[in-house]
Amino acid sequence: MHKDSLADTHCHLDMEQFGEDLETVLDRAAEAGLRRLLVVGADETSSFVAHRLALDYAARGVFAAVGVHPHDASTAAEGLSAELRDLANAPCVAAIGETGLDYHYDHSPRDVQRRVFADHVAWAVEAEKPLVVHIREAYGDALALLRTEGASRCGGVIHCFSGTWEDAKAALDLGFYVSFAGPVTFPRSTELREISGRIPADRILCETDAPYLAPQPFRGRRNEPAYVRFVYETIADVRKTTFEALAEQIWKNAETLFRWKGGIS
């Protein structure tokens with residue numbers, strides 16, 4: 001890896017917010033030291049776009065995750081399509097997701113969310129690829145489902161973590177990684193920062209969730225991968241380590257979890 005190599009382990013560059021200037025966004029990411037980016041699908045259509053971006057921008061270190069977000073679980077209520085499942089076989093697809101449970105908005109019925117989430121766990125186990133898990137106001141049910149469905153067989157990451165230390169520990173006990181995004185930089189996120197300091201070094205990841213959740217200096221604006229540096233800086237400060245040491249550790253963690261090769265090394 002380059003000395004300053006960074007990974008954004010969760011972004012949505014497939015979204016329309018990047019339709020006008022994706023090349024420029026990727027240029028800024030490279031200038032900021034980004035050498036790996038995981039573009040994450042949220043439904044069948046965006047998963048195919050994420051896959052295409054990973055093919056088109058392999059030289060920029062782009063990989064894809066494919067799956068159906070809990071908001072869109074109703075679109076997969078009758079099961080995940082064969083076409084979507086087949087995407088997991090592509091070398092540029094590093095993970096299954098994002099999937100999970102979201103009880104804040106309930107855009108899909110909760111029973112449907114749980115059924116589709118369980119389908120993703122089985123798919124990830126079969127594909128031998130890790131899960132990218134979204135949880136909002138549903139940590140108890142989500143972690144219980146991961147346990148009962150045997151998600152420790154495939155592993156994965158709780159992305160944009162927003163739970164308690166007990167939630168984080170439960171995820172760690174399942175063999176999962178815990179990832180932090182822009183909210184860890186917000187002034188009132190004291191508990192979240194404390195949790196980021198307690199995660200074992202070999203289980204922590206950083207992300208943007210771009211175009212959402214821009215870190216404090218850019219809060220309220222469109223987020224982009226280059227801004228992940230602010231997440232790294234905040235967590236390095238909390239953990240009383242250097243930016244460079246944290247970047248090296250997260251690079252190793254991401255490479256271990258996603259087993260991504262190729263791209264810029």
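The following conversation concerns a predicted model and its sheet and largest pocket.

Visitor: What kind of model is this, and how are its residues numbered?
Guide: It is a predicted model, in which local features need pLDDT of at least 70, side-chain atom pairs count only at pLDDT 80 or more, and totals for chains, interfaces and linings use all residues. Residues are numbered from 1 along each chain as its sequence is written, and side-chain values use heavy atoms, with hydrogens and water left out.

Visitor: What is the order of the strands in the sheet?
Guide: The open sheet has 8 strands in the order S1-S2-S3-S4-S5-S6-S7-S8, with parallel pairing. Strands (E, at least two residues) and helices (H or I, at least four) are DSSP runs numbered from the N terminus, and two strands pair if DSSP finds at least two bridges between them.

Visitor: Which strands stand at the edges?
Guide: Strands S1 (6-11) and S8 (204-206) do; each has a single partner strand, so one side of each is left without a neighbour in the sheet.

Visitor: Is S5 enclosed or open, and why?
Guide: S5 is largely enclosed by the rest of the structure, because 5 of its 6 residues are buried. Buried means under 20% relative accessible area, with a 1.4 Å probe and protein chains only.

Visitor: Which strands pair with S5?
Guide: S4 pairs with S5 in the parallel sense over 6 bridges, and Ile 96 has Leu 131 in S5 as its bridge partner. S5 also pairs with S6 (residues 156-158), in the parallel sense over 3 bridges. There, Val 132 is partnered with Val 157, and Val 133 with Ile 158.

Visitor: Now the largest pocket. How much space lies in it?
Guide: About 660 Å³. A pocket is an open set of points on a 1 Å grid over the protein atoms alone, where a 1.4 Å probe fits, with protein on both sides within 12 Å along at least five of seven lines; lining residues have an atom within 4 Å of a point. The volume is the space filled by probe spheres set on the points, which are joined across faces, edges and corners.

Visitor: Which residues lie nearest its centre?
Guide: Of the 28 lining residues, Asp 102, His 134, Arg 136, Asp 209 and Leu 213 lie nearest the centre.

Visitor: Which elements supply the lining?
Guide: Among them, strand S4 (93-102), strand S5 (131-136) and helix H7 (190-198) each supply at least two residues.

How values were computed:
Buried means under 20% relative accessible area, exposed over 50%, partly exposed in between (1.4 Å probe, protein chains only).
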